[in-house]
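Got your viewer open? Load the model below, pick a colouring you like, and we'll walk through it one selection at a time.

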Amino acid sequence: GLKRKENRMEVRLKQEWLGHTAGAIVKVNDKYIYHDEINEIFLQQFGKVGVSYSDIVENSIDEIVATSYAEKLGVFVSESEIDNAICEYEAINKEAYDKALKIYGETTLKQKLKDRLLFVSTKNKVLEQEVKIDANLIESFKSQKELHGELDKYSDSELMKRMNKEIKDYAFGLWVKEKRKESKIEYLKLY
């Protein structure tokens, strides 16, 4: 029964793809975010607790906003880095890769992987030189997380060890929030 169910799903997905090619839902500066793309990510994340469609849209906006600063920050992605990413993607998850290739075609898929790499590099650069992770930031992180009581038993340096990724993500999030104010974000349709 499972195989048939999967095929039905494929058919439904294809119908949705074909129906939504014009489905731009948000414009960020000069780039568009399409319903299909968000839907694809949403289906992949399906069942993950607390991931909503609009979270994915907002994350996509953040990525575009962040990468629009790549050049200013001196962040570039080389052709060979893109090619490596493609090989890696294909090697790690052939099925997902083939599906993405079928959906997007090679040029768009390459562009998507380039954007992804650019985003990751931009994020790293921002964390290196644009944000300061200091006592104030950690304080604000704690109150944001509403974990005050729980986290107070740790010193800042212990917290940086224990929750390094979360604190960095938080710091980066604050930077992006500021940069969003300088970007032109238009919601084209309600989703």
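Start by selecting Tyr 97: at 8% relative accessibility it counts as buried, where buried means under 20% relative accessible area, exposed over 50%, and partly exposed in between (1.4 Å probe, protein chains only). Now add Tyr 89, which is partly exposed at 24%. The ring centres of Tyr 89 and Tyr 97 sit 5.5 Å apart with the planes at 90°, so this is an edge-to-face pair. Rings of Phe, Tyr and Trp (its six-membered ring) pair if their centres lie within 6.5 Å; planes under 30 degrees apart are stacked, over 60 edge-to-face, and the rest tilted. Across the whole structure, a search turns up seven aromatic pairs.

A word on ground rules before moving on. This is a predicted model, so local features need pLDDT of at least 70 and side-chain atom pairs count only at pLDDT 80 or more, while totals for chains, interfaces and linings use all residues. Residues are numbered from 1 along each chain as its sequence is written, and side-chain values use heavy atoms, with hydrogens and water left out.

**Zoom out**

Switch to cartoon and you get nine helices and three strands; these are DSSP runs numbered from the N terminus, helices being H or I with at least four residues and strands E with at least two. Trace the elements from the N terminus and they go α-β-β-α-α-α-α-α-α-α-α-β. Of the 191 residues, 31% count as buried. Turn on the surface: the accessible area is about 12600 Å², with 52% of that belonging to carbon and sulfur atoms (Shrake-Rupley method, 1.4 Å probe; for residues, only the protein chains shown count as cover). If you like contact maps, take the contacts between residues at least 6 apart in sequence: 68% of them join residues at least 24 apart, a contact being heavy atoms within 4.5 Å.

**Strand β2, inside and out**

Select Ile 33, which belongs to strand β2 (residues 31-34). Is Ile 33 buried or exposed? Buried, with a relative accessible area of 4%. Leaving out residues up to four places away in sequence, its contacts include Ile 25, Val 28, Val 57, Ile 61 and Ile 64. Draw a distance from the C-alpha of Ile 33 to that of Ile 64 and you should read 9.2 Å, although they are 31 residues apart along the chain.

Step to Tyr 32, also in strand β2. Tyr 32 is partly exposed at 38% relative accessibility. Together with Tyr 34 and Leu 188, Tyr 32 makes a nonpolar surface patch of about 260 Å². Patches are built from residues with over 30% relative accessible area and no salt bridge, joining like charges within 9 Å and nonpolar side chains (Val, Leu, Ile, Met, Phe, Trp, Tyr) within 5 Å.

**Salt bridges**

There are 17 of these in the structure, each a side-chain nitrogen of Lys or Arg within 4 Å of a carboxyl oxygen of Asp or Glu. Try Glu 40 and Lys 99, with N to O at 3.9 Å. This pair links distant parts of the chain, 59 residues apart: Glu 40 is in helix α2 (residues 35-45) and Lys 99 in helix α5. Glu 40 is buried at 9% relative accessibility, whereas Lys 99 is partly exposed at 28%.

For a local one, go to Lys 142 and Glu 139, whose closest N and O atoms are 4.0 Å apart. They are three residues apart in helix α6, which means about one helical turn between them. Here Lys 142 is buried at 5% and Glu 139 is partly exposed at 38%.

**Last stop: helix α9**

Select residues 164-181: that's α9, 18 residues reaching 27 Å from first C-alpha to last, close to the expected 26 Å (1.5 Å times one less than the number of residues). Its buried residues, among them Phe 172, Trp 175, Lys 179 and Arg 180, pack against α3, α5, α6, α8 and β3. Show the rings and you'll find Phe 172 and Trp 175 clustered with Tyr 69 and Phe 119 through ring pairs. Then show the charges: Arg 180 joins Glu 58 and Asp 62 in a salt-bridge network. Finally, Lys 179 bridges to Glu 182 at 3.9 Å, N to O; Lys 179 is buried at 17%, while Glu 182 is exposed at 53%.
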